[in-house]
Amino acid sequence: MTTPGMKGTVAMTLPARKKLTLEAARRIASAAEAEALRQEFTMCIAIVDDGGHLLCFARMDDTQLASIEVAIAKARSALMFRRPTKALEDRLTGGWMPTLGLAGVVPVEGGVPLIVEEEIIGAIGVSGGTAQQDGQIAAAGLAVLA
């Protein structure tokens, strides 16, 4: 790369990034949906990429409409805070009230970052059952990456 007014070039090495593909997102969502069916839960399952953009979404029959936005918000919260939303829930239930003031926080179990070789490539968010059920279904989707 040459910069105007400067002599020579500057070599730059950019890191290679892992990327969540649509195919991988569909597999993660399918595994989560299969577990929800086994448990007889109705769920919304959202997969976002590393920028928080929706890549794959499934709303099982008869899932409450509110769970659409909640699943997406849980996925984005897990991505942006780089931790499961259960950790945020635990902070809140532990008495750390400032959690509620954090922009984009969803302190309810069911959102989990998708990590490959210590790199976050996206996140899954699940809504439709209890917080624990949502977390169980998210974990089933996450298992695809193991």
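**Strand 4 and its neighbours**

Hi everyone, let's start with strand 4, residues 119-127: eight of its nine residues are buried, so the strand is largely enclosed by the rest of the structure. Please keep in mind that this is a predicted model.

So what does strand 4 pair with? On one hand there is strand 1, residues 44-49, which runs antiparallel to strand 4 and is joined to it by six bridges. If you'd like a spot to click on, take Cys 44, whose bridge partner in strand 4 is Ser 127.

Then there is strand 3, residues 111-116, which also pairs with strand 4 in the antiparallel sense, over six bridges. Here you can look at Leu 114, which has Gly 122 as its bridge partner in strand 4. Strands 3 and 4 make a hairpin, with two residues between them. One for the torsion-angle fans: Glu 117, in that turn, has a positive phi of about 50°.

While you have the strands on screen, a general reminder: side chains in a regular strand alternate between the two faces of the sheet.

Now over to helix 2, residues 66-81, where we find Met 80. Is Met 80 buried or exposed? Its relative accessibility is 60%, so Met 80 counts as exposed, given that the cut-off for exposed is over 50%. From Met 80 to Ile 47 there are 33 residues in sequence, and the C-alpha to C-alpha distance is 13 Å.

Last, the rings. How many aromatic pairs does the structure hold? The count is zero. There is a charge over a ring, though: Arg 91 lies over the face of Trp 96, 4.2 Å from the ring centre.

Thanks, everyone!

Definitions and conventions. Residues are numbered from 1 along each chain as its sequence is written. This is a predicted model: local features need pLDDT of at least 70, side-chain atom pairs count only at pLDDT 80 or more; totals for chains, interfaces and linings use all residues. Side-chain values use heavy atoms; hydrogens and water are left out. Buried means under 20% relative accessible area, exposed over 50%, partly exposed in between (1.4 Å probe, protein chains only). Helices (H or I, at least four residues) and strands (E, at least two) are DSSP runs, numbered from the N terminus. Two strands pair if DSSP finds at least two bridges between them. Rings of Phe, Tyr and Trp (its six-membered ring) pair if their centres lie within 6.5 Å; planes under 30 degrees apart count as stacked, over 60 as edge-to-face and the rest as tilted. A charge sits over a ring if NZ of Lys or CZ of Arg is within 6 Å of the ring centre and within 35 degrees of the ring normal.
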